[in-house]
Amino acid sequence: MEKQKVEIVDVSPRDGLQNECTILAPEIRLELIRRLEQAGVGTIEIGSFVNPKFVPAMANLGEICRQLDFSGTGRNYTALVPNLKGFELAAAAGMRHVRLVIVASETLNKANFKCSVAESLAGFEQVAARARESGVAFGGIIGASFGCPYEGRVPPAQVLALAHRLVALGADEVMLADTTGMAMPDQVERLCAEVIAALAAQRSRIGVHLHNTRNTGYANAYAAYRVGVRIFDSSLGGIGGCPFSPNALGNIATEDLVHMFNGMGVESGIDLRALVAASSWLAGQLGKALPAMIGKAEPVFLEMAA
Ligand code: ZN
């Protein structure tokens, strides 16, 4: 039987570092990207093209880009762009793929982007047009797909409508994000299955972006896998969160996710030893212990189970 495969996108240089108290210099962030690449991580979210005045952790991303090789498909790097200005910066820096973010709850979209969901979508139309002109591919992230701290559970119909809009605009992937770590596994199973079914005709790539805020992150990853999701965002060491949501700390950790998939015989293409070494290096750079468990506990499945 053919091995099942997953694509793991490490978001530690972006979602992770954006919410750490310690701000890492561009050369350290570049080294983090290099170590992830060397461990075999196929796609890395290298940062966010935002105003460094507001997000100093993401400053000098262009400088990092100058050291990266975009000559292949360029699909190995992605970065967040909040708006047209961010997109232009990303395109000028050589990015071949970017990610747009919208939040499924009005309140949280307003808190994050100071505009309504409809206004965000209108902005995306401009970005999508520019992306087509400049040959840059883009994915869409739907924040708070599973719940919002202000509005509670988000109606699935709202998420489905946004997923359809993003795909219609040309998004090559749709990531359902549990921005504040509120999702439950049964809910993840239902919503992911619904979105996959709804976008089956467009052959859209559907992924999940999970946070382990309330310790349901890995159960949620498994639930998503069970219904056919094959793209997973995670961060090295489990660092990160959402700076706009109080207490939203910690993406699911890449090494713990790889370990789980190894044990299930699912291929991620990632070398767990190298990943654990990178994580312990990152802990040193941040001067603290990181949430990931593999590295603290001896990994049982260093290699993929047969
Ligand atoms: Zn996140």
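This passage walks through the zinc site, the aromatic contacts, a helix pair and a handful of single residues in a predicted model.

The zinc ion is a good place to start. Its protein donors are Asp15, through OD, and two histidines, His209 and His211, each through NE2. These donors sit 2.0 to 2.1 Å from the metal. Written as a sequence pattern, the spacing of the donor residues reads D-x193-H-x1-H. Aspartate 15 and histidine 211 therefore bring together distant parts of the chain, being 196 residues apart. Aspartate 15 belongs to helix H1 (residues 12–18), while histidine 211 comes from the loop that runs between strand E7 (205–209) and helix H9 (217–226). Both aspartate 15 and histidine 211 are buried.

The loop between E7 and H9 also holds asparagine 215. Here the backbone does something a bit out of the ordinary: asparagine 215 is not a glycine, yet its phi is positive, at about 65°. As a rule, most residues other than glycine have a negative phi. With a relative accessibility of 65%, asparagine 215 counts as exposed, whereas histidine 211 is buried. Lysine 114 is another residue with a positive phi, near 60°, and again not a glycine. Lysine 114 is in the loop between helix H5 (106–113) and helix H6 (117–134). Its relative accessibility is 66%, so lysine 114 counts as exposed.

Turning to the aromatic side chains, the model has three aromatic pairs. One of them joins phenylalanine 70 and tyrosine 77 in an edge-to-face arrangement, with the ring centres 5.4 Å apart and 70° between the planes. The arrangement counts as edge-to-face because the angle between the planes is over 60 degrees. Both partners are tucked away from the surface by the 20% cut-off: phenylalanine 70 is buried at 14% relative accessibility, and tyrosine 77 is buried at 2%. Elsewhere, Tyr225, Phe232 and Phe261 come together as one aromatic cluster. Tyrosine 225 from this cluster also has a charged companion, as arginine 230 lies over the face of its ring, 3.9 Å from the ring centre.

Arginine 230 turns up again among the contacts of lysine 5. Lysine 5 is in the segment before strand E1 (7–10) and is exposed, with a relative accessible area of 53%. Leaving out residues up to four places away in sequence, lysine 5 touches Arg230, Val266 and Glu267. The C-alpha atom of lysine 5 is 15 Å from that of valine 208, a residue 203 places away along the chain.

Next comes the packing of two helices. The axes of helix H7 (residues 156–169) and helix H8 (residues 185–198) come within 10 Å of each other and cross at roughly 35°. The crossing of H7 and H8 is right-handed. On the H7 side, the contact is made by Pro156, Val159, Leu160, Ala163 and His164. On the H8 side, Leu191, Glu194, Val195 and Ala198 make the contact.

Phenylalanine 138 makes a long list of contacts. This residue is in strand E5 (residues 137–143) and, at 5% relative accessibility, counts as buried. Not counting residues up to four places away in sequence, phenylalanine 138 touches His97, Val98, Leu100, Ala128, Ala131, Leu169, Gly170, Ala171, Asp172 and Glu173. Leu169 in this list falls within the residue range of H7. Phenylalanine 49 is 89 residues from phenylalanine 138 in sequence, and their C-alpha atoms are 14 Å apart in space.

Two helix residues round off the picture. Methionine 260 lies in helix H10 (residues 254–263). Setting aside its neighbours within four places in sequence, methionine 260 is in contact with Tyr218, Ala221 and Tyr222. From methionine 260 to valine 55, 205 residues away along the chain, the C-alpha separation is 33 Å. Leucine 89 lies in helix H4 (residues 84–92). With a relative accessible area of 45%, leucine 89 is partly exposed. Its C-alpha atom is separated by 16 Å from that of arginine 132, which is 43 residues away along the chain.

Notes. Residues numbered from 1 in each chain as written. Predicted model: local features only at pLDDT ≥ 70, side-chain atom pairs only at ≥ 80, totals over all residues. Heavy atoms only, no water. Donors = N, O, S within 2.8 Å, 3.2 Å for Na, K, Ca; no water. Helix = DSSP H or I, 4+ residues; strand = E, 2+ residues; numbered from the N terminus. Buried < 20%, exposed > 50% of the residue type's maximum accessible area, 1.4 Å probe, protein only. Phe/Tyr/Trp six-rings, centres within 6.5 Å; stacked < 30°, edge-to-face > 60°. Lys NZ or Arg CZ within 6 Å of the ring centre and 35° of its normal. Axes fitted to C-alpha atoms, helices over the stretch in contact; angles between N-to-C directions. Left-handed = near helix turned anticlockwise from the far one by under 90°. Contact = heavy atoms within 4.5 Å.
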